[in-house]
Every structure is written in structure tokens, then in C-alpha cells.
Amino acid sequence: MNIIELIKQKPWLSERFKPVGNSIWHVPTMITKEEKLMLAWLAENYVEGAGQVVDLGSFLGGSSVFLAHGLNQNKKVNKISTKVHCYDVFFIPPRDVHVIDYFFSKNNLVFPSDGNILPFFEKATKPYQNFIVTNKGRIEEFEANFGDIELLFVDLMKSPVSYNHVVKEFFTALIPGKSLVILQDYLYKNSGAWHAILMEKLSDHFEYIVDTQVNSVVFLHTKALSKEILESCLWENISFDEKVALMEKAKKRWNLIPHIEIIENQLTLLKTKTKTKAIQ
Ligand SMILES: C[S@@+](CC[C@H](N)C(=O)[O-])C[C@H]1O[C@@H](n2cnc3c(N)ncnc32)[C@H](O)[C@@H]1O
């Protein structure tokens, strides 16, 4: 069976696949158990060393440790040249009381008064430090200058600004016919509509492979992207009417009510935000 067909069967849910060690299951994280298993499985079994692994939005290191654990288990990659490139501001504003309560207080961790969470990320990823490249700062400050990307996990496109930058900078490094892109916010009801809109706009260049029921959707990059095509996907280059039409198209791809409701909610948010902006 070819590996893409295998991925569609979610082999990471098998009883036989049990990533363990280095306290990876104890790292406070925003991703689900299935997402953790999927990241570890893909890094171990899908990545061949054709390009790098990229973790956009590493937070306290949850997604990073599962990607790194998978790479560490991977028999095909050159462990010196294939890395997990992690990006985050590694900063939580002290006013973000819900995040602090949920991820720090509830885990008996003391929240640093300066909001700098990099030490927590470094501690969590220390067992995998040979695989981890840490990039601290706003994503908009970074170029993707480390070569091709084989596995791209995107968990920081929280605004049109970061969306534009990821599309312009990171999507150019994808390998046609090989790279997998995981959009972590695609199946989340309060996410920006750009996740679904992007994949509809680029439907000739990406193929839906599988999802984790909530949050993550995995796409295979099938056909090369030109600079012009990526430029046409920038948020300000898509008219409101086209955005709505693409969301309607995206909605039709899903069969289950919970998924359709997520897309509908994102569409409502898009319309509300555009209306509010027009009034201002
Ligand atoms: C949902 S969390 C990521 C969760 C993480 N993947 C995990 O496994 O727990 C999103 C992260 O993106 C980061 N982020 C959001 N916008 C960003 C930006 N423009 N540049 C850099 N980091 C950003 C936040 O600091 C936050 O840590």
C-alpha cells in the first residue's frame, strides 16, 4: 500500500504505535492526543529527509517534542541534516489569565512575571536538542531559508498578517508530490476563515488526505506553486465575495454535521468582522 493510502487509515491510532519516553506526554500542550500521535507517526514514518520538519507555533513544546520524537525514531533520515524548525514568540502576555491558569497553575508551574516561556520550551525539548532549531520572535520576522520543507505543521496563523507571511514565505519551500501540510486550526470553530479559503483557492495544488476530527487537517502538496499563485492567496488579494464563495465550497467538502458547523461558524465570523470593519 502506498504511504498516502496508509495515512488515510490513521495508523497512529493502532495499539502497536506507542511513542513513549522523555516525559513527552507530560508537556502542557494545546493539541489533542490524536494530533500528538499523528505528528510522531508522520515524523517517524513519512519523512524521508527530502526536506525539513517545521513546527509553526511551538508554545511550550508539545507539538515539537512529538515531531522530534518521531524523527529520532526515523530510520531513513540523516539525523544531522533533518531538524524540527520551531517558531514562536514564546511569550504569554501576563493579562492572558485563562492560558496562564490552564497551562501553568493547573500543572503546578509558576508563570514567569516577564511572560517569557522560552525556558519551558527549552526544558521540554532538551532530550531532543540535537533535532530542534529554535526561532524566537514573530513569524513575520523570519525567512524560510533552511531549504525545502517536507512536513509543515501550522499552528500560528491566528491573523491575516501571520497567514500572509506563512503563505508567502513557507509555502514556497514545499516539495510538489511530497510535502504534507497540516493546518491545525482548520477544524476549529473560532479560527480565521483563511485556512479553508486557502485550501479551496489552491485546490489544484493540494489534496485533502485526512483529519483528526477536530483541529488538524492534513493536505498533500501535489503541484508546484508559482510566486503569482501565492500572491493571489494573500488575504487582501481575495475579495470578500470570493472568500464567501470559497467558504461555501469548503463547506460542501465535509459530510459530518460537526465539521460543517465549524466551517459555518468561521464563515459567520468572517462576515461579522467584515461588517464591523465597514461600519468603523
Ligand atoms: C495554539 S498555540 C500552539 C500550540 C502548540 N503547537 C502546542 O503543541 O501546544 C499558538 C502559538 O502560536 C504563537 N504565535 C501566534 N502568532 C504568532 C506570530 N505571529 N509569530 C510567532 N508566534 C505566534 C503563540 O505564541 C502560541 O504559542
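Author: A salt bridge is a side-chain nitrogen of Lys or Arg within 4 Å of a carboxyl oxygen of Asp or Glu. The model discussed here is predicted, so local features need pLDDT of at least 70 and side-chain atom pairs count only at pLDDT 80 or more, while totals for chains, interfaces and linings use all residues. Residues are numbered from 1 along each chain as its sequence is written, and side-chain values use heavy atoms, with hydrogens and water left out.

Reader: Which residue of helix α10 forms a salt bridge with K251?

Author: K251 belongs to helix α9, and its partner lies 13 residues away in helix α10 (residues 257-279), so that the pair links distant parts of the chain (helices are DSSP runs of H or I, at least four residues, and strands runs of E, at least two, numbered from the N terminus). The closest N and O atoms of the two side chains are 3.4 Å apart. The partner of K251 is E264.

Reader: How is E264 classed: buried, partly exposed or exposed?

Author: Buried means under 20% relative accessible area, exposed over 50%, and partly exposed in between (1.4 Å probe, protein chains only). The relative accessible area of E264 is 33%. E264 is therefore partly exposed.

Reader: What separates E248 from K251 within helix α9?

Author: E248 also forms a salt bridge with K251, with the closest N and O atoms 3.5 Å apart. E248 is partly exposed, at 29% relative accessible area. Because the two residues are 3 residues apart in helix α9 (residues 240-253), the separation is about one helical turn.

Reader: Which residue of the D101 and K106 salt bridge counts as exposed?

Author: The side chains of D101 and K106 meet at 3.4 Å, N to O. D101 has 36% relative accessibility and counts as partly exposed. The other residue has 56% relative accessibility, so the one that counts as exposed is K106.

Reader: How many salt bridges does a search of the whole structure find?

Author: Some residues are joined in a network of salt bridges, namely E5, K8 and E207. A search of the whole structure gives a total of 14.

Reader: Which residue has a side chain with an N or O atom 2.6 Å from an oxygen atom of the ligand?

Author: The ligand is surrounded by 18 residues (a residue is near a molecule if one of its heavy atoms lies within 4 Å of it). The closest of these are T29, M30, G57, D88 and I139. The side chain with the 2.6 Å distance belongs to D88.

Reader: How much of the area that the ligand exposes when taken alone does the protein bury?

Author: A nitrogen atom of the ligand is 3.2 Å from an N or O atom in the side chain of E140, and a backbone N or O atom of V89 lies 3.3 Å from a nitrogen atom of the ligand. Taken alone, the ligand exposes 600 Å² (Shrake-Rupley method, 1.4 Å probe). The part of this area that the protein buries is 89%.

Reader: How many charged residues does the shell around the ligand have?

Author: Asp, Glu, Lys and Arg count as charged. The shell also has 6 nonpolar and 7 polar residues. The charged residues number 5.

Reader: Which backbone nitrogen lies 3.0 Å from a polar atom of the side chain of E150?

Author: E150 is in strand β4 (residues 149-154), and its 0% relative accessibility makes E150 count as buried. The side chain of E150 reaches the backbone nitrogen of G49 at 3.1 Å. The backbone nitrogen at 3.0 Å is that of G51.

Reader: How many of the 8 residues of helix α7 are buried?

Author: Helix α7 (residues 194-201) is mostly covered. Its buried residues are W194, H195, A196, I197, L198, M199 and E200. The number of buried residues in helix α7 is 7.

Reader: How far apart in space are the C-alpha atoms of V244 and L270?

Author: V244 lies in helix α9 and counts as buried, at 16% relative accessibility. Leaving aside its neighbours within four places in sequence, V244 is in contact with L267, L270 and K271 (contact means heavy atoms within 4.5 Å). V244 and L270 are 26 residues apart in sequence, and their C-alpha atoms are separated by 8.3 Å.

Reader: Is V210 buried or exposed?

Author: V210 is found in strand β6 (residues 206-211). Not counting residues up to four places away in sequence, V210 touches I7, K8, K10, W12, V217 and V218. With a relative accessible area of 4%, V210 is buried.

Definitions and conventions:
Polar contact = N/O pair within 3.5 Å; in protein donor to acceptor, adjacent residues only side chain to side chain.
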